[in-house]
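Work through the exercises below with the sequence and the coordinates open. Each task is followed by a solution in steps.

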Amino acid sequence: KEFKINAFRFSYKSNVITVDKNDKVKISINNTDTIHGIRIPDLGISGNDFIEFTAEKSGQFAWHCNTFCGGGHTQMQGTLIVK
C-alpha cells in the first residue's frame, strides 16, 4: 500500500495511516516548507523523503518528525495502525 502525506510546521496531513498486518507499505513524505521526515521508534524506521517497510507487528505506533524544524517540532506526530 502506498500513501502520500504532507509534512509542514508543525503537523502532518494525514496524520493517521491504517494498514493490515503483513502489508508492504510505502509512505512518501511531501516536505512543504523544510525537511521534516518520519521516525517510528517502536519499529526502528526513519526517513526524510519516504519510508518503506513490511507491517509485521499489529498495534498502534506513534511517529514523529525526525529532523528538528523549530519550536513546535515535538508536536509533530502521527499514528500508524496495523490491524
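**Exercise 1.** Decide whether Thr 34 is buried, partly exposed or exposed, and place Thr 34 in the fold.

Solution. Step 1: the relative accessible area of Thr 34 is 28%, so Thr 34 is partly exposed; with a 1.4 Å probe and protein chains only, buried means under 20%, exposed over 50%, and partly exposed in between. Step 2: the model is predicted, so local features need pLDDT of at least 70 and side-chain atom pairs count only at pLDDT 80 or more, while totals for chains, interfaces and linings use all residues. Residues are numbered from 1 along each chain as its sequence is written, and side-chain values use heavy atoms, with hydrogens and water left out. Step 3: Thr 34 belongs to the loop between S4 and strand S5 (38-40); strands are DSSP runs of E with at least two residues, numbered from the N terminus. Step 4: leaving aside residues up to four places away in sequence, Thr 34 touches Arg 9 and Cys 69, where contact means heavy atoms within 4.5 Å. Step 5: from Thr 34 to Thr 54 the C-alpha to C-alpha distance is 28 Å, at a separation of 20 residues in sequence.

**Exercise 2.** Find which peptide bonds at Arg 9 and Lys 13 are cis, and locate the residues that follow.

Solution. Step 1: between Arg 9 and Phe 10 the peptide bond is cis, with omega near 0 degrees. Phe 10 sits in the loop between strand S1 (2-8) and S2. Step 2: the bond from Lys 13 to Ser 14 is also cis, with omega near 0 degrees. Ser 14 is in the loop between S2 and strand S3 (16-19).

**Exercise 3.** Give the strand order of the open sheet and explain why S2 and S7 each have a side without a neighbour.

Solution. Step 1: the four strands run in the order S2-S1-S4-S7, and the pairing is mixed; two strands pair if DSSP finds at least two bridges between them. Step 2: strand S2 (11-13) and strand S7 (50-54) are at the edges with a single partner strand each, so one side of each lacks a neighbour in the sheet. Step 3: from one strand to the next, the twist averages 25 degrees, taken between N-to-C directions of lines fitted to C-alpha atoms, on a scale from 0 to 180 degrees. Step 4: strand S4 (residues 24-31) pairs with S7 in the antiparallel sense over five bridges. Val 25 has Phe 53 in S7 as its bridge partner.

**Exercise 4.** What is phi of Asn 22, and is Asn 22 buried or exposed?

Solution. Step 1: phi is near 75 degrees, a positive value in a residue other than glycine. Step 2: Asn 22 is in the loop between S3 and S4. Step 3: its relative accessibility is 53%, so Asn 22 counts as exposed.
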